[in-house]
Amino acid sequence: MVKDSAAFRHRFLPYLLVAPQVTITLVFFIWPAAQALYQSFLIEDAFGLSTEFVWFENFQFLLSDPGYLHSFKVTMVFASCTTFLSMGASLLLAVMADRVIRGAMIYKTFLIWPYAVAPAIAGVLWYFLFNPSIGILAYVIQSAGYDWNHYLQGSDAMILVIMAAAWKQISYNFLFFLAGLQSIPRSLLEAAAIDGASPFKRFWTVVFPLLSPTTFFLLVVNVVYAFFDTFGIIHATTSGGPAGATEILVYKVFNDGFIGLDLGGSAAQSVLLMFMVGIFTILQFRYVEKKVEY
Amino acid sequence: MVENRPILRFLSHLILILGVLCVFLPIWIAFVASTHAPHELLSAPIPWLPGDQFIQNYSEVLQEGVSGSDSISVAKMLFNSMIMALSIAIGKISISILAAYAIVYFQFPFRMTVFWIVFMTLMLPVEVRIVPTFSVIASLGLLNSYAGLSIPLIASATATFLFRQFFMTIPKELVEAAKMDRAGPLKFFRDILLPLSRTNLAALFVILFTYGWNQYLWPLLVTSDESYATIVVSIQKMMTAAESEPQWHLIMATSVLAMIPPVLVVIFMQKAFVKGLVDTEK
Amino acid sequence: MFSEVLKMRKGFLNPILFLLGLTINCFGADIVWWHAMGGTLGEKVNEIASRFNKSQSEHSIKPIYKGNYTETMTGAVAAFRAKKHPHMVQVFEVGTATMMAAKGAIYPAYQVMKDAGIPLNPSAYLQAVTAYYTDAKGNLLSMPFNSSTPVLYYNKEAFRLAGLDPDRGPRTWNEFEDYAKKIQKVGYPCGFTTGWQSWTQLENYSAWHDLAFASLGNGFNGLNSSLLINSPEHIKHVETLARWQKSRIFDYGGRRSDAAPKFYNGECAMYINSSASYSPIRENVRTFQFGVSMLPYWEGAKGAPQNSIIGGASLWVLRGHKPEDYKAVASFFSFLTSAEVQADWHQFTGYLPITHTAYELSREQGFYKKNPGTETAILQLTHKKPTVRSKGIRLGNFVQVRDVINEELEAVWGGQKSASKGLNSAVKRSEILLRKFERANSR
């Protein structure tokens, strides 16, 4: 923060300034979070007419429930595949865009479109492409001999949502990778070239290591995205199916709480998710803070 | 580029073009599908090129919405989304810049407490407080209202932190100079800080408008009254319309319409957006 | 920017506005009815409400569309917790146990009528419809509104080409395979598909064959019931379907009615789904004539064919409003169950009539003659007097139980599990859900 000598002293102006944010945060964030915590210790009926305090039973149940553990596994698979696919593709495109002078602006303009598209819509678009009856991609795959049907095959459904999720993130990753690449001093690359290193070698020995702060940052962002922002993709397309093959944790919270009306169980899942976000956030914040200190 | 290797340059362009085509494929097919009559979309392969039903489909969807899902006209949905996105973007920017300003430039008791309270919101995305937040909104009577759609989303910490980081890079000589000129804190804010923050404001507007426009889970929970439906959420409703197959030509037309505003905002403010996005996150 | 912020802050904190909102919700002159009928069905609901409003001047019903069944029910539950609930809410049949268990929240239909002094004659109703919503003593807890039962739709053109009699569908599952194979021979890729598989292929399968779906009278007689769908008869049926999926005699197409297009575009020649699918089918089938017949049964199965059970929704009344409001509700129920209103709703939507008089009236009007196939559902539903196993199903957490069943069946169709493994797993997983519900509702 700004040192004392440069700070203003005012009796109540600062409070006035922070009041809106703090009020809304308390009412819409902290209070519901506390409620979720409280509810996770209860077993109650849907209408709230009878409640039973059960300590950690809901949590014990979750951690031994094959359904929950399956959902956890699904989320890990989904998050890692989406992250690697999206970051890999965008790194490739960024490296190519960095090399090219003519038309760079045009490529950039076209590649940032997915950023503006809602995850839910991305899901719908890819769902349409993969529709077993009329989808163009499904048609191509079926012509090649594989009977594509994401209503029936869990793996097909997973591929569908991974494609949609990765596609959506390409723009974001691309922009950051490009910025990262462009901040690498040319002198380093020239020096390596003079030493006889091929472009390929230059990339792996000079560029990639220097890109690691960006890569790490994007890794965290992409994983958080895959965990939470992809709710729309799942809800708009597979609804967690078939047979729970795409039921990521955040979708399960919604499904059990809203549709199943199991409030205690859903609250317990929320609490566990809060812990996971907390870890990611601390990771990200610590890292970003470090950068700012420089 | 260090040396001149034509093969590599050709390869680079090739990969980029392929990349753009892959990235664009879903959008293109959506547009194509939105310009055909329903019977042309009943079996694979559907056409690759646009059809002749552009005006027909788009006016149908804008005026009537999609039947069977009991929806309002897509024009009304666009309006709802616009209100929500603008409220969220403007609301978030306003609240966050004020809070960041206070945290950075003022010494007051509980400053760190405030900082941590705001920080906590980073750990509490909507998805982890779904059911209780819904109850809170319900008991405040804010369901099915523009207020309910936007207010809960304008207090998250990301914008505050971005402003905070930016403010910390502003040389403190400016503040000292202002103090010496006997300029009050509000004058300093309005005359010095705001103009300096212009690029950040533009970038944040793009980011937050897109964020607000593309909201899905929150509007899904908070509105069941179709007159408040936003366009992004409605698309899912169209696909699960009871007892009939999805009317793809209309769904795709709606999807295209849903994509246009944020895409326009991103493209037209591209320079500021990219700069702001990358600079402030670092 | 500042003014925007201040405006929002003010609006949010303004107590007058808040109270006003509260007032409008709780003390309005209208009787509020939350429903899940969208599209043309919703228009019909509005029509019924306005006819009621016009027919008398004391009360006024206001129907509000709240989304699909799940959203409507969840919304009502949340509203109840926030004390902002409607007078009536349309809840789907799978929510019956949840509603029933909420004794402090609901106002049983028979009680509403009794307290208003309007007689409710149980024998006037089609027992197969009301049985689902009555308690152990035979008292009607909610008012049946839109009920349907699954039937078999078939492609007459396909039958003709295959040399089969186009005037009737396959009567038994035994001859079904034969039918399907003949149809596939003349070029149709798939024999049949189905919608709402738990409802059609397990719940109704059980009732139609007089098999128990769950213990304790399918849950009617106690909260500690368990699923019994891993019996040999159930396994045999699912096993057969799984075998048929391989050659596409059966082709799975989605959990709800997602499979409908397969029938519309001629891919599958037969389609099992709700009797209420009649209108959409009539609208979407352009290239062939279709017929309606009863569900097939396994020849030689004891007790088959018994009667089918309903799906759909009923109207539940919630407590917490003024006493005179409930007189209006009773009056509306009386209006709703009159023969003319019932017959009109039944004929327009394809949902079943709930009273004998409505059924008679439709027959007199020649409705069934003019619309062949529309009577099949009623005949099937009333085929025999319901037994303890074919009155309906009343299980807690049924939405999630159905999800479990859907998941297990999908795994079976996809070849990942055998029928017996899938059904046993479904029973085991549902056990957890059912015991949870029992625990939460036993105080």
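Me: How many helices and how many strands does the secondary structure of chain B come to?

Reply: In this predicted model, the secondary structure of chain B comes to 14 helices and 0 strands. Read from the N terminus on, its elements run α-α-α-α-α-α-α-α-α-α-α-α-α-α, and the C-alpha atoms of the chain fill a box of roughly 75 × 65 × 30 Å along the principal axes.

Me: Why is helix α3 of chain B called oblique to α10 of chain B?

Reply: The two helices, residues 74–105 for α3(B) and residues 198–213 for α10(B), pack at an angle of about 140 degrees with their axes 8 Å apart. Roughly antiparallel requires an angle over 145 degrees and roughly perpendicular one of 65 to 115, with the rest counted as oblique, and therefore α3(B) is oblique to α10(B). The crossing of α3(B) and α10(B) is, in addition, right-handed.

Me: Which residues of α3(B) and α10(B) meet, and how does their contact divide by class?

Reply: From α3(B) come B:Ser81, B:Met84, B:Ala85, B:Ile88, B:Ala89, B:Lys92 and B:Ile93, while α10(B) contributes residues including B:Leu201, B:Leu204, B:Phe205, B:Leu208 and B:Trp213. By class, this contact of α3(B) with α10(B) has 12 nonpolar, 2 polar and 1 charged residues.

Me: What makes α3(B) oblique to α12(B)?

Reply: The axes of α3(B) and helix α12 (residues 231–239) of chain B come within 8 Å and cross at roughly 140 degrees. An angle has to be over 145 degrees to count as roughly antiparallel, so α3(B) is classed as oblique to α12(B). The residues in contact are B:Val74, B:Met77, B:Leu78 and B:Ser81 on α3(B), and B:Ile231, B:Val232 and B:Ser234 on α12(B). They divide into 5 nonpolar, 2 polar and no charged.

Me: What is notable about phi of B:Asn144, and where does B:Asn144 lie?

Reply: Phi of B:Asn144 is near 50 degrees, which is a positive value in a residue other than glycine, and B:Asn144 lies in the loop between α5 (130–139) and α6 (146–150) of chain B.

Me: How many residues of chain A are in contact with chain B, and which helix gives the largest share of that side of chain A?

Reply: Here 89 residues of chain A are in contact with 85 residues of chain B, and the largest share of chain A's side, 19 residues, comes from helix α1 (residues 13–39) of chain A. By class, the residues on that side of chain A divide into 68 nonpolar, 15 polar and 6 charged.

Me: How do you know which strands are the edge strands of the open sheet of chain C that has the order β2-β1-β3-β9-β4?

Reply: This sheet has 5 strands with mixed pairing, and its edge strands are β2 (61–65) and β4 (143–148), each of which pairs on one side only. Strand β4(C) pairs with β9 (residues 311–317) of chain C in the antiparallel sense, over 5 bridges, and since at least two bridges are needed for two strands to pair, that requirement is met. Helix α3 (residues 39–55) of chain C lies across β1 and β2 of chain C, running at about 170 degrees to β2(C), whereas helix α15 (residues 323–336) of chain C lies across β1, β2, β3, β4 and β9 of chain C, at about 55 degrees to β1(C).

Me: Why is one side of β6 and of β8 of chain C left without a neighbour in the sheet?

Reply: Their open sheet has 4 strands in the order β6-β7-β5-β8, with mixed pairing. Because β6 (190–194) and β8 of chain C stand at the edges, each has a single partner strand, which leaves one side of each without a neighbour in the sheet. Within the sheet, 5 bridges join the antiparallel strands β5 (residues 150–155) and β7 (residues 268–274) of chain C, and C:Tyr154 stands opposite C:Met270.

Me: Which domains does the assignment of chain C give, and how many residues of domain 1 are in contact with domain 2?

Reply: The assignment gives domain 1 (2–148 + 310–370) and domain 2 (150–308 + 396–440), with 30 Å separating their centres, taken over C-alpha atoms. In chain C, 12 residues of domain 1 are in contact with 14 residues of domain 2, and the domain 1 side divides into 7 nonpolar, 5 polar and no charged.

How values were computed
Residues numbered from 1 in each chain as written. Chains lettered and ligands numbered in written order. Predicted model: local features only at pLDDT ≥ 70, side-chain atom pairs only at ≥ 80, totals over all residues. Axes fitted to C-alpha atoms, helices over the stretch in contact; angles between N-to-C directions. Parallel < 35°, antiparallel > 145°, perpendicular 65-115°, else oblique. Left-handed = near helix turned anticlockwise from the far one by under 90°. Contact = placed C-beta atoms within 7 Å. Nonpolar A, V, L, I, M, F, W, Y, C, P; charged D, E, K, R; others polar. Domains from an automatic or database assignment.
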